[in-house]
Amino acid sequence: MRVSPSGMGKPPEERLTPRVNAAIIPALLIAEVQEKQLAYRIVGLQVLILLVAAGIMAYGLEGTPQYAIAVLSGGGVSILNSLLLAWRMSRTSKLPHDAHHQLRLMYFYAVERFLAVVALLGICMAVLKFYPLAVLGGFVLGQAVLLVARLLLRIRTEGSLKNVQ
């Protein structure tokens with residue numbers, strides 16, 4: 001009779017399948033880390049491009065600082081949306097890998113992000129009385145940067161991985 005590592009006299013539990021959070025394939029862990037890094041690099045690009053757009057809005061197009069603030073607030077909502085996505089992505093990796101649970105979390109996080117965006121855009125336009133077109137323009141610009149940067153950085157990352165293999 002084999003003794004368990006705890007030394008309690010019970011035989012060790014034999015399993016045919018790994019524990020819930022066991023890493024079967026190390027490449028998945030590497031991909032997960034790269035995905036998190038990509039998410040935070042995209043947030044940095046969003047901040048940079050929105051600052052440039054607000055500067056152009058305020059000083060380049062004979063706009064007013066109020067327009068720049070409205071663009072920044074709409075872009076800030078988009079950045080917050082991206083940060084919420086990156087944060088939830090990092091939290092999800094620490095949870096058990098049960099498919100039904102992951103699906104429920106995915107829906108919950110999508111609704112959470114949607115409601116956060118609607119509430120913040122409503123506050124910017126209704127409560128703070130920012131120019132609605134500038135707020136929405138900043139938000140759309142931030143979301144466009146999110147999509148384009150995600151595509152371009154993923155293509156570049158996948159291309160560099162193929163060269164390594």
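In the predicted model, E35 is buried, with a relative accessible area of 17%. This glutamate takes part in one of the two salt bridges that the structure holds. Its partner is R150, and the closest approach of the two side chains, from N to O, is 2.0 Å. The bridge joins distant parts of the chain, since E35 belongs to helix α1 and R150 to helix α4, with their positions 115 residues apart in sequence. The two partners fall into separate accessibility classes: E35, at 17%, lies under the 20% limit for a buried residue, whereas R150, with a relative accessible area of 21%, is partly exposed.

The other salt bridge is formed by R88 and E112, whose closest N and O atoms are 2.7 Å apart. Here too the pair links distant parts of the chain, with R88 in helix α2 and E112 in helix α3, 24 residues apart. R88 has a relative accessibility of 10% and therefore counts as buried. E112 reaches 22% and is therefore classed as partly exposed. In this bridge the arginine is the buried partner, while in the bridge between R150 and E35 the buried partner is the glutamate.

Internal space was examined next. The structure holds two cavities of 30 Å³ or more. The largest cavity contains about 60 Å³ of space. Its lining consists of A39, I42, S82, L85, A86, M89, L146 and R150. Three elements each give two or more residues to this lining, namely α1 (26–60), α2 (65–92) and α4 (132–164). Helix α2 supplies the largest share, with four residues. By class, six of the lining residues are nonpolar, one is polar and one is charged. The charged residue is R150, because arginine is assigned to the charged class. R150 thus appears both in the lining of the largest cavity and in the salt bridge with E35. The polar member of the lining is S82, because serine falls outside the nonpolar and charged classes.

The second largest cavity holds about 40 Å³ of space. It is lined by V77, L80, N81, L84, R113, A116, V117 and L120. The elements that give two or more residues to this lining are α2 and α3 (99–127). Six nonpolar residues, one polar residue and one charged residue make up the lining. Its charged member is R113, because arginine is assigned to that class, and N81 is the polar member, because asparagine is in neither of the other two classes. Helix α2 is named among the contributing elements for the largest cavity and also for the second largest cavity.

Helix α2 also contains S78. This serine is buried, with a relative accessible area of 0%. Beyond residues up to four places away in sequence, S78 touches Q46, F139, G142 and Q143. L72 is likewise placed in helix α2, but this leucine is partly exposed, with a relative accessible area of 36%. When neighbours within four places in sequence are left aside, L72 is in contact with L50, L51 and A54. The C-alpha atoms of L72 and G138 are 6.3 Å apart, although 66 residues separate the two in sequence.

Aromatic pairing was also considered, and the count comes to two aromatic pairs. In one of them, the rings of Y67 and Y131 have their centres 4.3 Å apart and their planes at 25 degrees, so the pair is stacked. The two tyrosines lie in distant parts of the chain, Y67 in helix α2 and Y131 in the loop between α3 and α4, 64 residues apart. Y67 counts as partly exposed, at 31% relative accessibility. Y131 is also partly exposed, with a relative accessible area of 37%.

The loop between α3 and α4 includes L128 as well. At 46% relative accessibility, L128 counts as partly exposed. Its C-alpha atom is separated by 9.5 Å from that of A70, and the two residues are 58 residues apart along the chain.

Technical notes: Residues numbered from 1 in each chain as written. Predicted model: local features only at pLDDT ≥ 70, side-chain atom pairs only at ≥ 80, totals over all residues. Heavy atoms only, no water. 1 Å grid on protein atoms, 1.4 Å probe; cavity = no way out; pocket = protein on both sides within 12 Å on 5 of 7 lines; lining within 4 Å. Points joined across faces, edges and corners; volume = space filled by probe spheres on them. Salt bridge = Lys/Arg side-chain N within 4 Å of Asp/Glu carboxyl O. Buried < 20%, exposed > 50% of the residue type's maximum accessible area, 1.4 Å probe, protein only. Contact = heavy atoms within 4.5 Å. Phe/Tyr/Trp six-rings, centres within 6.5 Å; stacked < 30°, edge-to-face > 60°.
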